[in-house]
Amino acid sequence: MTATTKGLEGVVATQSAISSIIDDTLTYVGYNIDDLADNASFEEVIYLLWHQRLPKADELAELKQQLADNMAVPQAVLDHFKTYDIKHVHPMAALRTAVSMLGLFDEEAEVMEPAANYRKAIKIQAKISTLVTAFGRIRAGKEPIQPKTDYSFAANFLYMLSGEEPKDIEVEAFNKALVLHADHELNASTFTARVAVATLSDVYSGVTAAIGALKGPLHGGANEQVMKMLTEIGSVDNVEPVINEKLANKEKIMGFGHRVYQQGDPRAKHLREMSKKLTELRGESKWYDMSVKIEEMVTSAKPLPPNVDFYSASVYHSLNIEHDLFTPIFAVSRASGWLAHILEQYSNNRLIRPRAEYIGPGMQTYVPVEER
């Protein structure tokens with residue numbers, strides 16, 4: 001067998017036409033992430049990832065209508081949120097279960113024809129936003145809010161969560177965050193989704209498995225941990241002593257470094273800019289100022305530039321989003337990438353079954369229990 005690589009680092013496991021990371025440049029189907037973050041709507045990015053091209057006006061309108069038509073979630077799924085101690089359940093655990101439950105209400109769940117799988121992709125992408133916002137409201141003792149058909153995907157999420165019409169700058173920031181998180185080559189959750197559906201399991205199983213992988217703090221949970229750190233630090237004056245202590249103790253500082261980038265995550269600068277604007281709008285510039293000071297200290301101490309999670313934390317906080325909803329929001333966006341990879345896997349499938357290098361004991365002989 002060939003030499004192993006811990007964590008499969010640098011191992012090329014498949015071919016894909018969806019996204020690429022080459023020389024620290026992230027692209028979706030050949031479009032630079034900077035270009036898309038500055039110009040594209042999230043709906044355009046969904047279409048791009050699923051069809052490998054940007055939509056024409058009528059195609060974009062059709063996708064928006066399909067998403068709007070499929071945002072409603074079965075009442076039984078929403079009622080399920082009320083059957084457990086919801087205040088002590090992590091939203092990612094609730095989302096994982098809810099997406100799995102959606103498959104029980106889809107008569108095409110086990111139909112594996114391409115057209116049926118595409119319809120399931122539409123349903124999941126539309127409903128995952130409703131699930132996250134409904135959970136947030138039910139947990140707070142409020143009723144879920146129906147989406148507005150004339151709102152964009154980003155605006156609808158903010159509206160369904162808060163019940164208030166979002167400001168343009170808020171929609172811009174959230175749309176940008178959705179675009180930036182939509183896909184990221186063969187990340188842990190995407191690989192999980194592809195492994196699941198490579199067995200010819202259904203789309204709901206693939207997305208449920210991906211959510212389970214995203215839940216971990218070394219993947220999607222990092223931005224929640226960043227906000228926890230900022231909250232604990234509390235003020236700009238406390239940054240220096242706290243970060244110096246963490247550096248001296250060789251503690252991991254969440255939101256810095258990324259395995260696939262050498263010079264820095266190209267997505268981070270976009271959310272850095274939105275963090276500055278939103279924290280100023282809220283009169284809470286301290287979150288941005290603290291983040292900048294932490295970045296300066298960490299990057300001067302070691303070559304670890306911030307990744308997309310670092311500034312997304314203060315962006316979401318400034319949108320009045322509860323901190324433990326940060327990772328579910330990641331899932332709302334990344335579902336577009338998961339579904340693109342699931343459809344691509346189905347289109348040219350081969351069971352993903354790697355080998356493991358055995359490092360256990362040599363050949364042994366069974367000894368009866370009374371002689372051990």
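## Exercises around methionine 92

Leaving aside residues up to four places away in sequence, methionine 92 touches Ile211, Leu214, Lys215, Thr327 and Pro328; contact here means heavy atoms within 4.5 Å. The model is predicted, with local features needing pLDDT of at least 70 and side-chain atom pairs counting only at pLDDT 80 or more, while totals for chains, interfaces and linings use all residues. Residues are numbered from 1 along each chain as its sequence is written, and side-chain values use heavy atoms, without hydrogens and water.

**Exercise 1. Find the helix that holds methionine 92, and decide whether methionine 92 is buried or exposed.**

Step 1. Look for methionine 92 in helix α5. Helices are DSSP runs of H or I with at least four residues, strands are runs of E with at least two, and both are numbered from the N terminus.

Step 2. Now check the accessibility: methionine 92 counts as buried because its relative accessibility is 0%. Buried means under 20% relative accessible area, exposed over 50%, and partly exposed in between, using a 1.4 Å probe and protein chains only.

Step 3. Try a distance too: from C-alpha to C-alpha, methionine 92 lies 34 Å from alanine 301, and the two are 209 residues apart in sequence.

**Exercise 2. Compare the reach of helix α10 with the expected value, then list its buried residues.**

Step 1. Helix α10 covers residues 203-214, which is 12 residues.

Step 2. The expected span is 1.5 Å times one less than the number of residues. For α10 this gives 16 Å, and the helix reaches 17 Å from its first C-alpha to its last, close to that value.

Step 3. The buried residues of α10 are Val203, Tyr204, Gly206, Val207, Thr208, Ala210, Ile211 and Leu214. Two of these names, Ile211 and Leu214, also appear among the contacts of methionine 92.

Step 4. These buried residues pack against α5, α6, α9 (188-197) and α16 (326-347).

**Exercise 3. Describe the largest cavity and its lining.**

Step 1. A cavity is a set of points, on a 1 Å grid over the protein atoms alone, where a 1.4 Å probe fits but cannot get out; lining residues have an atom within 4 Å of a point. The count comes to 1 cavity of 30 Å³ or more.

Step 2. The largest cavity has a volume of about 40 Å³, where volume is the space filled by probe spheres set on the points, joined across faces, edges and corners.

Step 3. Its lining consists of Phe81, Pro91, Leu95, Leu131, Val132, Phe135, Leu325 and Pro328. Two or more of the lining residues come from each of α5 (91-102) and α6 (114-139), and α6 gives the most, with 3 residues.

Step 4. Sort by class: 8 are nonpolar, none polar and none charged. Ala, Val, Leu, Ile, Met, Phe, Trp, Tyr, Cys and Pro count as nonpolar, Asp, Glu, Lys and Arg as charged, and the others, Gly among them, as polar.

**Exercise 4. Work out the strand order of the open sheet and look at its hairpins.**

Step 1. The order of the 3 strands is β1-β2-β3, with antiparallel pairing. Strands pair if DSSP finds at least two bridges between them.

Step 2. β1 (residues 19-22) and β2 (residues 25-28) share 4 bridges, one of which sets isoleucine 21 against leucine 26.

Step 3. The hairpin of β1 and β2 has 2 residues between the strands, and aspartate 23 in the turn has a positive phi of about 50°.

Step 4. β2 joins β3 (residues 31-32) over 2 bridges. In this second hairpin, valine 29 in the turn has a positive phi of about 50°.

Definitions and conventions:
1 Å grid on protein atoms, 1.4 Å probe; cavity = no way out; pocket = protein on both sides within 12 Å on 5 of 7 lines; lining within 4 Å.
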